[in-house]
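Subject: Structure handover

Hello,

Here is the structure you were waiting for. Please open it next to this message, and read on for what turned up.

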Amino acid sequence: MSNKVSIIIILCSFILSSTNTLAQEEWKLVKDKDAIKIFTRSIEGTRLKEYKGEAILSVTIEQLYNYLIKVENYQDWVYECKESTLISKVDDKEYIFYSIYKIPWPFYNRDIVTKMVVSGSNSDKKDCLAVIS
């Protein structure tokens, strides 16, 4: 594993409404399968939930970064993503994009604007932490 490092990804991007983060309940693990963990928590004052995923991957931070910033390809790998378009590249670590997700009938497809901020640490070249929120 000389060329590869372990990366932890935290995806906190699908917030369905504005929230007061100080009043949020703790994340609850709802699925742990194939080295992927999915967490949810309720959004105070609504029946909606936030979702967060974690995974450990054997890739370099550059490979992960280059994969995540290509939002126009999300429909190829993000579950039920019908369309995804970059709205704004704020800088090399912050992106704002628009996506449409398929929802079963009788509901309409869900559209969402996501702000993705990527930060990482690769100080010892053996372990790497990437946080996407």
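Two strands count as paired if DSSP finds at least two bridges between them. Keep in mind that this is a predicted model.

**The hairpins**

β2 and β3 meet that rule: they form a hairpin with two residues between them. They run antiparallel and are paired over five bridges. One such bridge joins Asp32 to Lys37 in β3.

Look at the turn. Asp34 sits in the loop between β2 (28-33) and β3 (36-42). Its phi is positive, about 50°, although Asp34 is not a glycine. Is Asp34 buried or exposed? Its relative accessibility is 65%, over the 50% cut-off, so Asp34 counts as exposed.

β3 has a second partner. It pairs with β4 (residues 49-59), again antiparallel, over seven bridges. Lys37 of β3 has Glu54 as its bridge partner in β4. β3 and β4 also form a hairpin, with six residues between them. Gly45 in that turn has a positive phi of about 85°.

One charge is worth a look here. Lys52 lies over the face of Phe39, at 5.2 Å from the ring centre.

**The helix and the core**

In α1, the residues Ile61, Leu64 and Leu68 are buried. Viewed down the axis of α1, its buried residues fall within an arc of 65°, so they line one face of the helix. The general background: an α-helix has 3.6 residues a turn, so residues three or four places apart point the same way.

Which residues make up the largest nonpolar core? There are 12: Leu64, Leu68, Val71, Tyr74, Val78, Cys81, Tyr95, Phe97, Tyr101, Ile112, Met116 and Val118. Two or more residues of this core come from each of α1, β6 and β7.

Cys81 belongs to that core. Setting aside neighbours within four places in sequence, Cys81 is in contact with Tyr74, Gln75, Ser99, Ile100 and Tyr101.

**The aromatic rings**

A pair of aromatic rings is described by the distance of the centres and the angle of the planes. The count here is three aromatic pairs. In one of them, the rings of Tyr74 and Trp77 have centres 5.2 Å apart and planes at 70°. Over 60 degrees counts as edge-to-face, so this pair is edge-to-face.

Tyr74 has 5% relative accessibility and so counts as buried. Trp77 has a relative accessible area of 36%, so Trp77 is partly exposed.

Tyr74 also pairs edge-to-face with Phe97, at 5.3 Å centre to centre and 85° between the planes. This pair links distant parts of the chain, 23 residues apart. Tyr74 is in the loop between α1 and β5, while Phe97 is in strand β6. Both residues are buried. Tyr67, Tyr74, Trp77 and Phe97 form one aromatic cluster.

**Two backbone points in other loops**

Glu80 lies in the loop between α1 (61-68) and β5 (81-91). Glu80 is not a glycine, yet it has a positive phi of about 60°. At 32% relative accessibility, Glu80 counts as partly exposed.

Where is the cis peptide bond? It joins Trp105 and Pro106, with omega about 20°. Pro106 is in the loop between β6 (94-101) and β7 (110-121).

Best wishes

Note on methods. Residues numbered from 1 in each chain as written. Predicted model: local features only at pLDDT ≥ 70, side-chain atom pairs only at ≥ 80, totals over all residues. Heavy atoms only, no water. Helix = DSSP H or I, 4+ residues; strand = E, 2+ residues; numbered from the N terminus. Buried < 20%, exposed > 50% of the residue type's maximum accessible area, 1.4 Å probe, protein only. Arc of directions from axis to C-beta. Core = buried A, V, L, I, M, F, W, Y, C linked by side-chain atoms within 4.5 Å. Contact = heavy atoms within 4.5 Å. Phe/Tyr/Trp six-rings, centres within 6.5 Å; stacked < 30°, edge-to-face > 60°. Lys NZ or Arg CZ within 6 Å of the ring centre and 35° of its normal.
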